[in-house]
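You asked for a short note to accompany this structure for someone who has not seen it before. The points below are meant to be read with the sequence and the coordinates at hand.

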Amino acid sequence: MEIKQVEDYQAMSEAGAQLIMETVNSLEKPVLGLATGSTPEGVYKRLIEAHQSEKVSFRHTTSFNLDEYVGMLGSDPNSYRYFMDKKFFDHIDIDKQKTFVPNGKAEDLQRECEQYEQLLMDHHEIDLQLLGIGTNGHIGFNEPGTPFSTKTHIVDLAPSTRKANARFFESEQDVPEQAITMGIATIMKSKQIVLLVSGEKKARALDQLLHGEVSEDFPASILQTHPNVQVIADKAALSKVS
Ligand code: F6R
């Protein structure tokens with residue numbers, strides 16, 4: 001893993017956006033893996049600005065999001081489809097038909113997982129996968145204890161994850177109990193992975209990622225075994241790294 005230390009959230013966002021632009025600008029048909037949450041929002045803002053000043057076009061880009069809450073329509077403001085549309089896709093020239101987010105409202109969720117995985121495989125590998133990390137080490141919604149071999153699947157969200165995400169909902173009870181997520185094996189197939197880490201509340205997780213053992217109890221630890229990972233972390237996130 002290559003660690004890039006930056007000053008703060010703004011610098012992390014700038015560096016993350018640069019890497020995505022390099023990928024998008026250098027490939028004929030780039031395939032991006034995208035994340036939601038607070039961490040990548042700044043990256044999406046930078047990419048929108050870059051698009052507006054004609055530094056990047058997403059016309060030939062296909063994107064796959066990591067996850068979606070079960071039971072949520074894409075029109076629900078708390079859904080990840082809505083997040084992506086409002087915070088990124090609606091402001092760039094990507095073909096919306098080529099932006100994929102798992103369907104949390106699918107009648108047959110198991111089948112939805114299989115189809116999503118198949119769709120990903122049909123596009124070969126993801127060229128660049130953007131990731132955030134949960135305080136418990138989750139990537140996507142792969143919670144501690146998830147086998148490293150998992151493909152796209154349905155997960156029960158950990159109480160700590162529902163608590164962390166309650167800030168977007170009226171109350172913790174409103175946070176869905178399940179989600180569909182790309183599996184760890186799915187994520188690991190990506191050619192390049194960019195992990196963004198910002199803020200003191202992620203400092204322990206980052207220390208464990210960098211110095212802990214590779215274990216299913218801490219899903220992000222698998223990234224230590226991937227040949228092409230860039231971790232972009234700000235000073236606050238690196239504050240507990242020994
Ligand atoms: C989001 C996702 C999650 C988040 C993680 C960190 O699509 O897959 O793994 O990256 O929960 O969330 P934030 O960035 O809100 O701290």
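1. I begin with the annotated positions: the unreviewed UniProt entry places the feature "active site" at Asp67, Asn136, His138 and Glu143. Please keep in mind throughout that this is a predicted model.

2. Two of these positions can be located together, since Asn136 lies in the loop between S6 and strand S7 (153-156), and His138 lies in the loop between S6 and S7 as well. Their surroundings are described by counts of neighbours: Asn136 is partly exposed, with 19 other C-beta atoms within 10 Å, whereas His138 is buried, with 26 other C-beta atoms within 10 Å. A residue is called buried here if that count is 20 or more.

3. Leaving aside residues up to four places away in sequence, Asn136 touches Glu143, Pro144, Ala158 and Ser160. On the same basis, His138 touches Glu143, Thr161 and Pro219. Glu143, itself one of the positions annotated in the unreviewed entry, therefore appears among the contacts of Asn136 and among those of His138.

4. The same kind of record supplies a domain: the UniProt annotation "domain: Glucosamine/galactosamine-6-phosphate isomerase", from an unreviewed entry, covers residues 10-226. In the model this span is 33% helix and 14% strand, and the C-alpha atoms at its ends lie 26 Å apart.

5. For the chain as a whole, the secondary structure comprises 7 helices and 10 strands. The radius of gyration is 17 Å, which agrees with the value near 18 Å that a compact globule of 242 residues would have, and the C-alpha atoms fill a box of roughly 45 × 40 × 35 Å along the principal axes. Buried residues make up 43% of the 242 residues. Of the contacts between residues at least 6 apart in sequence, 80% join residues at least 24 apart.

6. An open sheet of 7 strands, with parallel pairing, runs in the order S1-S10-S9-S6-S2-S3-S5. Its edges are strand S1 (2-6) and strand S5 (99-100), each of which has a single partner strand, so one side of each is left without a neighbour in the sheet. Within the sheet, strand S2 (residues 31-34) runs parallel to strand S3 (residues 62-65) and is joined to S3 by 4 bridges; Leu34, for instance, has Asn65 in S3 as its bridge partner.

7. Helix H1 has 18 residues and reaches 26 Å from its first C-alpha to its last, close to the 26 Å expected at 1.5 Å a residue. Its buried residues are Met12, Ser13, Ala15, Gly16, Ala17, Ile20 and Val24. The buried residues of H1 pack against S1, S2, H2, S6, S9 and strand S10 (229-234), and these strands all belong to the order given for the sheet.

8. Helix H2 (residues 41-52) has 12 residues, for which a span of 16 Å is expected at 1.5 Å a residue, and the 17 Å between its end C-alpha atoms agrees with this. The buried residues of H2 are Val43, Tyr44 and Leu47. They cover an arc of only 95° around the axis, which puts them on the same side of H2. What covers these buried residues includes helix H1 (9-26), helix H3 (80-87), strand S6 (128-131) and strand S9 (192-197). After H2 comes Glu54, whose phi is positive, near 60°.

Technical notes. Residues are numbered from 1 along each chain as its sequence is written. This is a predicted model: local features need pLDDT of at least 70, side-chain atom pairs count only at pLDDT 80 or more; totals for chains, interfaces and linings use all residues. UniProt positions are given in the numbering used here, feature names are shortened, and annotations may be inferred rather than shown by experiment. Helices (H or I, at least four residues) and strands (E, at least two) are DSSP runs, numbered from the N terminus. The expected span of a helix is 1.5 Å times one less than its number of residues. A residue is buried if 20 or more other C-beta atoms lie within 10 Å of its own, exposed if 12 or fewer, and partly exposed in between; C-beta atoms are placed from the backbone. The arc is that of the directions from the helix axis to the C-beta atoms. Two residues are in contact if their C-beta atoms, placed from the backbone, lie within 7 Å. The radius of gyration is taken over C-alpha atoms; the globule rule is 2.2 Å times the number of residues to the power 0.38. Two strands pair if DSSP finds at least two bridges between them.
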